[in-house]
Amino acid sequence: MAMGPSPEPNGAPRRGGSGAWRMWLKVLVSLAAGGLTSVITKVANSEAKWQIGVGIFVGGCILVLQLLGDLINQVRDLKAALPRHNAQTQETVVRSFARISEATKFYSEMERLPSDGVAALATSAVEVTSRGPDIMRRFAEELMRRLAVDMEALKSGSVDCAGENHDWLLTLTNCATNSIDTTSTLSLVDRDFWNSGPADLYLQAQRDAIARGVTVRRLFLVDDSADLNDDLRQLGEEQRELGIETRVLVRTQLPQNVRRGLVDEFIVFDKATCYEIEQDQLHVNTSTRVRAHEDYVRLRSQRFAELWDVGVPTQTIATPTGEPGTVGA
């Protein structure tokens, strides 16, 4: 069974085969016209050479006219398709330049970041996701997703997470260049914190900050004067030996002029960023938030200054014998 021209992927016949058949058809029509002309001239009793010449001429003219007709049709089709092609080309160029502009902007922004950290992050991410086991790949992708979410949140000046985030606390402490003002509640749960491993890392980070010229002040907050005991005095003394300025404040003994306002736990870094931990009724840390809104941080700094001014140095807390402790004792 004879096969026709093989179809294109979309079902249309191939243009090359169709064009060849049209060309052969034009030639056959031209030959037929030329032959018919020769017969007519022969009937008219003309000379043979003249008959052949006229036939060839007429056939050639018909072929040329057919080719000219095809050319005109092609020009017409091209003219009709040209605006659409120009629009598509323009759209492609615009999209390409938009991507180039976006890439250029992204590259210029990336130059403002630490080159070693960004390069290491990109390299490590590619290696883990391409060569690591499936669980490590998924773990790396989740870490990258969380980082992207945190960066997106920081654009608005605030980011939060569930529970207590020690990594944020240590990172902010390591990034401080001027001051760290912190309030610390001393419930039973909070007292246990100062004997934990995270507390050791936190105090070491503050000690390193003091070594590079950062002023660190800690205001202990207690609920009742009964909490002013030797354990608190000893805790304050240990931190003062690290270079941390310490004071204590009894919530129930606040002066009248500072009673209005919150008396909770927060940390202000360089008077520009505030780190806060929210607790439930059982003093369990439920969430952590970092804020950099200028007005909010300024109010927090002012509140710390008010509370600090009415606090008393921890070394003045009475010992079990009723005598105040001495600095460095």
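Start your tour by selecting Phe193, Trp194, Tyr202 and Phe220: ring pairs link these residues into a cluster. Keep in mind as you click around that this is a predicted model. The aromatic pairs here come to a count of 4.

**Stop 1: inside the cluster**

Now keep just tryptophan 194 and tyrosine 202 on screen. Their rings make a stacked pair, with 6.5 Å from centre to centre and 20° between the planes. Are these two residues buried or exposed? Tryptophan 194 has 9% relative accessibility, so it counts as buried, since the cut-off for that is under 20%. Tyrosine 202 is buried too, at 4%.

**Stop 2: a pair on a helix**

Next, select phenylalanine 304 and tryptophan 308. Why does this pair count as stacked? Because the ring planes sit at 20° to each other, which is under 30 degrees, and the ring centres are 5.7 Å apart, which is within 6.5 Å. Colour residues 294–310 and you'll see helix α9, which holds both residues. Phenylalanine 304 and tryptophan 308 are 4 residues apart there, about one turn of the helix. Check the surroundings as well: phenylalanine 304 is buried, at a relative accessible area of 1%, and tryptophan 308 counts as buried at 6%.

**Stop 3: arginines over rings**

Stay on tryptophan 308 and add arginine 217. What does arginine 217 lie over? The answer is the face of tryptophan 308, at 5.1 Å from the ring centre.

For your last selection, pick arginine 300 and phenylalanine 266. Here the charged end of arginine 300 sits over the phenylalanine 266 ring, 4.4 Å from its centre.

Notes
Residues numbered from 1 in each chain as written. Predicted model: local features only at pLDDT ≥ 70, side-chain atom pairs only at ≥ 80, totals over all residues. Heavy atoms only, no water. Phe/Tyr/Trp six-rings, centres within 6.5 Å; stacked < 30°, edge-to-face > 60°. Buried < 20%, exposed > 50% of the residue type's maximum accessible area, 1.4 Å probe, protein only. Helix = DSSP H or I, 4+ residues; strand = E, 2+ residues; numbered from the N terminus. Lys NZ or Arg CZ within 6 Å of the ring centre and 35° of its normal.
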